[in-house]
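Student: Please take a close look at how charged side chains are placed and paired in this structure. I would like one connected account, with the confidence of the model taken into consideration.

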Amino acid sequence: MFGKSKKLIVVLISVMVLSLVLAACGGNKENNANNTNKTESASPSADATETAAAPTEQKLTDGLGNEVTIPANPQKIIASYLEDYLVALGVKPVAQWSVPNGIQDYLQTDLKDIPTISYDLPFEAVTSFAPDLLILGSSSTVDGGKYDQYNKIAPTFVLGDEVNSDWRKALLKIGEVLQKKDQAQKVLDDYEAKAADAKTKLQAAIPDQSVAAIWLVANKFYVVSDKLSSGAVLYNDLGLKVPAVVKEISASGAGSWNEISLEKLADLDADHLILINSDKATGSEALKDPIWQSIPAVKNGHVYEYEGTSSWLYYGPVASSQMIDNVLKDIAKQ
């Protein structure tokens with residue numbers, strides 16, 4: 001009886017996280033989710049110092065048109081769900097994003113000692129950390145008069161949907177806000193060089209072969225968009241071939257991850273499958289279905305499985321760089 005209840009709780013939590021991540025991904029369409037060169041396969045590092053003069057207080061207009069006075073050297077930053085950029089720039093927030101059953105595990109090498117704050121940023125919780133700067137992503141985070149409430153707590157800069165949906169733009173904008181423009185540009189340049197090098201290696205290792213990313217959660221399958229999230233890394237940055245089924249579902253789907261039936265999966269013409277498995281704790285029953293077992297990539301042993309806590313469900317320079325490392329190691333065998 002206890003075992004069944006425990007499994008039910010895990011499934012319910014997985015469904016909750018699914019709704020949160022899909023919402024976050026839909027509002028932050030880059031993906032990217034999601035690690036440019038602290039080492040070749042770790043999170044990106046930036047030069048410790050800016051070449052420019054010492055930071056001073058500055059006034060910037062955010063993505064909603066608000067003029068925001070940014071402190072010269074903010075020490076207690078909250079940038080919920082934007083921690084990937086902070087890590088890339090060598091900045092530690094005073095609190096990090098969380099949902100009831102987890103945090104961004106792929107960033108924990110850098111953030112493991114940072115306390116958590118709920119994804120919906122309750123005013124009382126924000127106030128308790130006494131931040132000197134809030135950086136928020138999409139406009140929806142400040143709907144219903146929330147901006148004024150947050151701005152009473154600390155200067156609040158909202159990236160806005162256009163910037164928030166493109167991790168490259170978001171990285172450079174956060175670099176500007178934190179007066180780390182040179183560091184942000186270096187992180188971006190390092191990532192582009194890494195992606196270009198990986199693309200060349202992949203073209204040599206698996207010429208004209210296709211790849212798809214599949215997410216299993218709450219006994220349902222989702223396929224990544226061909227233009228968003230990790231799909232942007234696979235198909236744009238790395239130039240891998242897009243399977244026809246992925247193109248079809250992406251054309252009609254609105255999110256970064258769109259549901260795909262087992263029957264449609266049977267038609268998936270991908271040479272390689274990246275499987276993000278969030279159902280491991282409940283037995284991954286869907287993977288036992290004969291239809292899944294009949295997929296050519298599955299039969300050929302070309303499935304590369306990752307935990308639901310991996311960077312594949314996120315976006316940003318750190319997440320994207322980690323994805324490149326995964327692809328080179330598992331698919332290109334490098």
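Tutor: A residue counts as buried under 20% relative accessible area, as exposed over 50%, and as partly exposed in between. With these limits, Asp-208 is exposed because its relative accessibility is 63%. Its partner Lys-241, at 42%, counts as partly exposed. The two side chains meet in a salt bridge with an N to O distance of 4.0 Å. Asp-208 is in the loop between H8 and strand S9 (211–217), and Lys-241 is in the loop between helix H9 (229–237) and helix H10 (244–252), so this pair ties together parts 33 residues apart in sequence.

The setting should be stated before the other pairs are described. The model is predicted, and its protein chain has a mean pLDDT of 87, with 84% of the residues at 70 or more. Residues 1–43 stay under 50 in pLDDT, and the model has 117 contacts beyond four places in sequence for them. The pLDDT is also below 50 over residues 45–51, a stretch with 18 contacts in the model beyond near neighbours in sequence. The protein chain contains 14 helices and 13 strands, and 52% of its 334 residues count as buried. Its exposed surface amounts to about 14,500 Å², of which carbon and sulfur atoms supply 52%.

Side chains of opposite charge can pair when their charged atoms come close. A search of the whole structure finds 15 salt bridges. One of them joins Arg-168 to Glu-192, with the closest N and O atoms 2.8 Å apart. Arg-168 belongs to helix H7 (residues 167–177) and Glu-192 to helix H8 (residues 181–205), so the pair ties together parts that are 24 residues apart in sequence. Arg-168 is buried, with a relative accessible area of 17%, whereas Glu-192 is partly exposed at 32%. These two residues also belong, with Asp-237, to a network of salt bridges.

H7 provides further context for Arg-168. The buried residues of this helix include Trp-167, Arg-168, Ala-170, Leu-171 and Ile-174. Asp-166 caps the N-terminal end of H7, with a side-chain oxygen 3.0 Å from the backbone nitrogen of Arg-168. Just after H7, Gln-179 takes a positive phi of about 55 degrees.

H8 takes part in another salt bridge through Lys-194. This residue pairs with Asp-325, and the closest N and O atoms are 2.9 Å apart. Lys-194 in H8 and Asp-325 in helix H14 (residues 317–330) are 131 residues apart, so that the pair links distant parts of the chain. Both Lys-194 and Asp-325 are buried.

Two acidic residues of helix H2 (residues 83–88) present a contrasting case. Glu-83 lies in this helix, as does Asp-84. Glu-83 is buried yet has no salt bridge, and the nearest side chain of opposite charge, that of Lys-92, is 13 Å away. The side chain of Glu-83 does reach the backbone nitrogen of Tyr-81, at 2.9 Å. Beyond its neighbours within four places in sequence, the contacts of Glu-83 are Pro-93, Ala-95, Gln-96, Trp-97, Gln-104, Leu-107 and Leu-111.

Asp-84 is likewise buried and without a salt bridge. For Asp-84, the nearest side chain of opposite charge is that of Arg-168, 11 Å away; Arg-168 itself is the residue that pairs with Glu-192. The side chain of Asp-84 makes a polar contact of 2.7 Å with the side chain of Tyr-106. It also reaches the backbone nitrogen of Val-318 at 2.8 Å.

In summary, the charged residues described here fall into several settings. Lys-194 and Asp-325 form a pair in which both residues are buried. The pair of Arg-168 and Glu-192 combines a buried residue with a partly exposed one. Asp-208 is exposed and its partner Lys-241 partly exposed. Glu-83 is buried with no salt bridge, and so is Asp-84.

Definitions and conventions:
Residues are numbered from 1 along each chain as its sequence is written. This is a predicted model: local features need pLDDT of at least 70, side-chain atom pairs count only at pLDDT 80 or more; totals for chains, interfaces and linings use all residues. Side-chain values use heavy atoms; hydrogens and water are left out. Helices (H or I, at least four residues) and strands (E, at least two) are DSSP runs, numbered from the N terminus. Buried means under 20% relative accessible area, exposed over 50%, partly exposed in between (1.4 Å probe, protein chains only). Lys and Arg count as positive and Asp and Glu as negative; His and the chain ends are not counted. A polar contact is a pair of N or O atoms within 3.5 Å; within protein, one must be able to donate a hydrogen and the other to accept it, and residues adjacent in sequence count only if both atoms are side-chain atoms. Contact means heavy atoms within 4.5 Å. Accessible areas come from the Shrake-Rupley method with a 1.4 Å probe; for residues, only the protein chains shown count as cover. pLDDT is the predictor's confidence in each residue, from 0 to 100.
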